Amino acid sequence: MIPLDLSLSDVPGLPVHAARLLGKEGVKTAADVVWHLPFRHEDRRQMQALAFQAGLQPACHHVLVTKTGTKFFGGRSGVFEAVVQHATGLLGQQLTLKWWNMPFMSRVLAEGQELIVYGVIKDTKGRLSMAHPEYEIIKGGADDDAEQIHTGRITPMYRLRGSITQKALRVAAWHVLQALPDAFVEDLLPTPSAEGEFAGMSRAKALKEVHFPTSTEGLEQAKRYLALEEFYGYQLRVARRKRQVIESGGRRQTGTGELLKDFFNELPFQLTAAQLRCLEEIHKDMASGNPMNRLLHGDVGSGKTVVAFAAMLRAVESGRQAVLMAPTQILAEQHARNARKWLEPLGLRVALRTGSKREDGDDLELMRGKNSTGKAEIVIGTHALLHDMELMHNTGIVVIDEQHKFGVAQRAKLIRKGDTPDVLVMTATPIPRTLTLTIYGDLEVSTIDQRPRDGVKIITKVRPKTKLKEAAKFLREQIEEGRQGYIVYALIDESDKLEAGAATKGHEEWSKLLAPCEVGLLHGRMSAEEKEDVMKRFRAGKLDALVSTTVIEVGIDVPNATVMFIHDAGRFGLAQLHQLRGRIGRGAHTSYCVLFVDDKDEENRQRLAIMEETSDGFQIAEEDLRRRGPGDVLGNAQSGQAPLLFGELLADTRLVRLARQLAERTLDEDPLLRRPALAAFRGEEVMAEKAQAMMQ
Ligand code: ADP
Ligand code: MG
């Protein structure tokens, strides 16, 4: 029996050369080996009995090399061939393995070796061949030992790096796992034996099974056990964070309802049923003695802003202040404009704080001058708010718009400045429903699942960029009907400067294409005043079209804009395209989005086809999930977190729920996390930050 931190060179039975080879690549301890999980398995149990058969599915065969040679076709290109037969020689069939342009293969493979090969067999007029198979030398290679490790079983396949070989890693895993006890004292899961599916399981058993499965069912069960363990750790942090927030104690904000009544009277529209339902959920939270920690989730254009304002009014009615933070200056200005339009008539003061407004400071002075003792009831700003905490006083609610655009620390800082305020975070990031439990595990979630103007259509087309002229003609027609359009240029992962350059060039081009219409330009390198001025003119209809970078991605709301052109759409993820497209279809008019891709870019045409089919963010998110797998989707959303080992099982809601239940039970029974295996979860600050990060 060995401990997990044992050095590989001390693992009984593990050949010295294998330990040395792995050590060179940083795989040094038993733990390094067991946590390097196989990325797939090959079923090598019945191989010898299988005849070589052409088909589409790759298969695994145990073969003997009978002949090797290289054929040249003129020039330098050649093909190395190894003729093989079944290792048992039983069937007398021949198969030719082929490697093109890999002359070194003649030094790797030789007659008399036994191999395991994995690939697709092709039949060319009765001659069977396999091109570039995966292979492994079983006998006659560098080491012949431990045959039962590699064949006659469900065999683990590992991702390799450096000079590590499949065999060395497998041999190491074999010996380490042989020497491990069946249970560690530090098993993470509390009492998994009680949970039917995992009866009798332990981390050590699961690891053994995942590396060297006894059956396919055993393998699946073991993977699920380890996934459960991983999700349990995740949920433990999230659930603990949630409890901490509740324990921090809040205030009841019940309000009088008077401001809200006036506000609703003033609005030019009625709230949708979905908006009302979400608002009710929010008000209920605010009225309770615990601090609210709620996510308002709603697709682009679903109308989150008015709901947020109504929540803020409830705080003001309760004698406290409301703060709203937005990720960009343009968006903060837009919110402030709405707040002034809707809330100032109710007698409320609205303060605005952005990076540039601090420089001129006029608005603030004005606001302070009005009432030198009091502070504004409504404070709106960008992250610049964080540097001007003076504005905050007796804050009852903090609203964070487009919360995924903020860093963990920024959100935490603003919340800390309030006096245990109620917190409402908002996002349009369409997370597939199956993942919300993980990502938003420490938040209550309200979803606006209905658009204010369900009838308004957005028509989306993917077009080759050669169709630009036609597109320009179409945009001009829309402009003649009084509408406006966005033309987006973006370079992913390039600097602001290059991006601004692309937009500037695009602006020249479009100014000509659309002359004499007025075309504006907006990018991140412009000064705050310039940006504000451009947005003001666009909003007022003085600009017919706006050439922009992705600075317009979040939040911008100009209902008269009905056209969105996106250049190089192939560079964007579906979620981001959906966000951008969300800038149109906000008024009463049918809207049009054109995604330009390279002429021959079939792959992106296919990928973007979903955008043509639906403008439902959830459906798009599901498609994203299907294409990229939950690990990837979550990886993005987590931004910066180490990817989960078992991310692909996150869509398994049952497993995630079980993890959550176990975590809650642990917190009930052992709130201080005294159990030794939980030591890593005790650190308060670190934990809170990590849990916060998961919200992203
Ligand atoms: P988002 O959820 O993307 O932040 P907004 O809050 O910007 O959406 O709202 C989108 C547009 O819809 C805005 O112009 C807003 O004034 C309008 N709107 C919001 N709610 C309603 C409603 N119930 N009926 C009609 N228009 C609405
Ligand atoms: Mg918004």
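**Note on the ligand 1 site and two backbone features**

1. The shell around ligand 1 takes at least three residues from domain 3 (258-448) and at least three from domain 4 (458-615). The model is a predicted one, and the points below should be read on that basis.

2. Eighteen residues surround ligand 1, and those that come nearest are Gln270, Gly301, Lys304, Thr305 and Asp557. By class, the shell holds six nonpolar, seven polar and five charged residues. Helix α10 (residues 304-317) supplies three residues, the largest share of the shell.

3. Three side chains place polar atoms beside oxygen atoms of ligand 1. For threonine 305, a side-chain N or O atom is 2.6 Å from a ligand oxygen. For lysine 304 the corresponding distance, again from a side-chain N or O atom to an oxygen of ligand 1, is 2.8 Å. Arginine 586 has a polar side-chain atom 2.9 Å from an oxygen atom of the ligand. On its own, ligand 1 has 560 Å² of accessible area, of which the protein covers 90%.

4. As for location, the largest pocket is where ligand 1 sits.

5. One peptide bond deserves a look: alanine 515 and proline 516 are joined in cis, with omega at about 5°. Proline 516 belongs to the loop that runs between α17 (496-514) and β19 (519-522).

6. A second backbone item is glutamate 402, a non-glycine residue whose phi is positive, at about 50°. Glutamate 402 is found in the loop between β14 (395-400) and α14 (408-417).

How values were computed: Residues numbered from 1 in each chain as written. Chains lettered and ligands numbered in written order. Predicted model: local features only at pLDDT ≥ 70, side-chain atom pairs only at ≥ 80, totals over all residues. Heavy atoms only, no water. Near = heavy atom within 4 Å. Polar contact = N/O pair within 3.5 Å; in protein donor to acceptor, adjacent residues only side chain to side chain. Areas by Shrake-Rupley, 256 points an atom, 1.4 Å probe, with all protein chains shown as cover. 1 Å grid on protein atoms, 1.4 Å probe; cavity = no way out; pocket = protein on both sides within 12 Å on 5 of 7 lines; lining within 4 Å. Sits in = over half its atoms within 2 Å of the grid points. Helix = DSSP H or I, 4+ residues; strand = E, 2+ residues; numbered from the N terminus. Nonpolar A, V, L, I, M, F, W, Y, C, P; charged D, E, K, R; others polar. Domains from an automatic or database assignment.
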